[in-house]
Amino acid sequence: MMKITMRWFGENDTVSLQNIAQVPVVRGIVGTIEGRDADVVWTQDDFEKLKQQVEAYPLSLDVIESIPISEEIKKGTEKRDALIEIFCESVRNMGKAGIPVLCYNFMPVFDWMRTDIKFTLADGSFVTSYNHTDMLNYDLSKGLEARVAWIRGYTGDEIQTIMDEYRQIDEERLFENLAYFLRRVVPVAEESGVRLALHPDDPPWSIFGLPRIVRDADSIQRILDVVDSPYNGLTFCTGSLGTDPDNNLPAMIRQFAGRIHFAHVRNVELTGDKSFVEIAHSDAKGNVDIPQVLQALQDIHYTGPLRPDHGRMIWGETGRIGYGLYDRALAIMYLYGVWQGLATATHST
Ligand code: CS2
Ligand code: MN
């Protein structure tokens, strides 16, 4: 059995650990310390405190998502070695606290990106959506508002500086910079007993002309081959990879057997070229065939943590879009039920 987990953002989360502990079948937490800059070491004490909070409930702290990676590392500037060492120190401390999986991403500047963070579905629920034409038409000189995905706002001038700095960084350079990072960090992860789990880019294509390199079977295989160690692993996010109709998710899961240390399950409806809306996990309009995804995970004997990724905002719930309690709890019951059904069918044949 995989281990069903839920993401918890800490004491300021509108969803409490108690809420999560009341969702049947949830056994673990995906934790973080919000608002940490990439030049600060996460201490063993930080991790132990988080662990204690979680373990006050019948839950375990299974994953940290995410420790941020400095832009200097992604750009490969001369400041990167010191920042990589800070990251390594956090990994060592995670290992000392006995937390086994670290989810991280290598997306330049922005984390997950949407063009609408309050799209209304036909059922009246709210979700995030992405429309590539809207992204292309966006006038960056106006700056970018602080939104859930952008973590903080940027003025037009700040955006200009960022774009200038990234002008020299094409996909190949970004890949080289990720490889440089992995060659230094994976040995530390091995010694510390912390499995690295790279999150795919969301969406998995270039936005605002910035390179994005974690997007399909070939690009991921190439990254895993840089350091051929199980500690150089992957977060398999069906929400990110499932927005590209060319990605065959069950085949990718089979291909990356042994290297997947964390699974994010989300459904998306494709609404045009490079455009999508997030929808309920069980929605038949989705591009993600969740039973097939779970079957593939069973086929590779996946026993690691799995969480529902974003859910809809339903029943009047407010708070962090995508991370409400209600729809994620519904998703968990769906994922658990499908998983059990598949497992039973396999055993009885
Ligand atoms: C997003 C991100 O797809 C997702 O899960 O909600 O927060 C993502 O988890 C991080 O970018 C991973 O580092
Ligand atoms: Mn995800």
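In which loop is Val25 found? In this predicted model, Val25 sits in the loop between helix H1 (17-21) and strand S2 (28-31), and its backbone is unusual in having a positive phi of about 70° although the residue is not a glycine. Most residues other than glycine have a negative phi, and most peptide bonds are trans. With a relative accessibility of 24%, Val25 counts as partly exposed, because the buried class ends at 20% relative accessible area.

Strand S2, which follows that loop, belongs to a barrel that 8 strands close in the order S1-S2-S3-S4-S7-S8-S9-S12, with parallel pairing. Between neighbouring strands of this sheet the average turn is 30°, direction ignored. Helix H7 packs on the sheet, where it touches strand S4 (101-104), strand S7 (195-198) and strand S8 (232-237), and its direction makes about 150° with that of S7.

The closure of the barrel can be followed at strand S12, which has a pairing with strand S9 and another with strand S1. Strand S9 (residues 260-265) pairs with strand S12 (residues 305-308) in the parallel sense over 3 bridges; within this pairing Ala263 has Leu306 as its bridge partner, and Val265 has Pro308. Strand S1 (residues 3-7) is joined to S12 by 2 bridges, and these two strands also run parallel. Here the bridge partner of Ile4 is Leu306, so that Leu306 is a partner both of Ala263 and of Ile4. As for the side chains of S12, Pro305 and Arg307 point one way from the strand while Leu306 and Pro308 point the other way, and all of them are buried.

Helix H7 also leads into the nonpolar interior. The largest nonpolar core has 96 residues, of which Ile64, Phe110, Phe181 and Leu297 touch the most other members. Helix H7 (residues 171-192) gives the most to this core, with 10 residues. If residues up to four places away in sequence are not counted, Phe181 touches Ile69, Ile73, Ile84, Phe87, Tyr104 and Phe106. Another core lies apart from it, made of 6 residues, among them Val30, Val63, Val101 and Ala197.

The next stop is the metal site. The manganese ion (ligand 2) has as its protein donors His199 (NE2), Cys237 (SG), His264 (ND1) and Asp309 (OD), which lie 2.2 to 2.5 Å from it. Along the chain, the donors follow the spacing H-x37-C-x26-H-x44-D. His199 lies in the loop between S7 and helix H8 (217-226), whereas His264 lies in strand S9, so the pair ties together parts that are 65 residues apart in sequence. Both histidines are buried, since His199 has 9% relative accessibility and His264 has a relative accessible area of 0%. Around the manganese ion (ligand 2), the 6 donor atoms subtend angles of 50 to 162°, and the arrangement is therefore irregular.

The loop between S7 and H8, which holds His199, has further backbone features to inspect. Pro203 lies in this loop, and the peptide bond that leads from Asp202 to Pro203 is cis, with omega near -5°. Phe208 lies in the loop between S7 and H8 as well; its phi is near 50°, a positive value in a residue other than glycine. At 14% relative accessibility Phe208 counts as buried, whereas Val25, as described above, counts as partly exposed. A cis peptide bond is also found from Glu65 to Ser66, again with omega near -5°, and Ser66 is located in the loop between strand S3 (60-65) and helix H3 (71-75).

Besides the barrel there is an open sheet of 4 strands, which has the order S5-S6-S11-S10 and antiparallel pairing. Its edge strands are strand S5 (116-120) and strand S10 (267-272), each of which pairs on one side only. The neighbouring strands of this open sheet are turned by 35° against each other on average, with direction ignored. Strand S6 (residues 126-131) pairs with strand S11 (residues 275-279) in the antiparallel sense over 3 bridges, and in this pairing Ser129 stands opposite Val277.

Methods
Residues are numbered from 1 along each chain as its sequence is written. Chains are lettered from A and ligands numbered from 1 in the order in which they are written. This is a predicted model: local features need pLDDT of at least 70, side-chain atom pairs count only at pLDDT 80 or more; totals for chains, interfaces and linings use all residues. Side-chain values use heavy atoms; hydrogens and water are left out. A nonpolar core is a set of buried Ala, Val, Leu, Ile, Met, Phe, Trp, Tyr and Cys residues joined through side-chain atoms within 4.5 Å. Buried means under 20% relative accessible area, exposed over 50%, partly exposed in between (1.4 Å probe, protein chains only). Contact means heavy atoms within 4.5 Å. Two strands pair if DSSP finds at least two bridges between them. Axes are lines fitted to C-alpha atoms, for helices over the stretch in contact, and angles run from 0 to 180 degrees between N-to-C directions. Donors are N, O and S atoms within 2.8 Å of the metal (3.2 Å for Na, K and Ca); water is not among the atoms, so sites may look incomplete. Four donors count as tetrahedral if all angles lie between 85 and 135 degrees; four count as square planar and six as octahedral if opposite donors are over 155 degrees apart and all others between 65 and 115; anything else is irregular.
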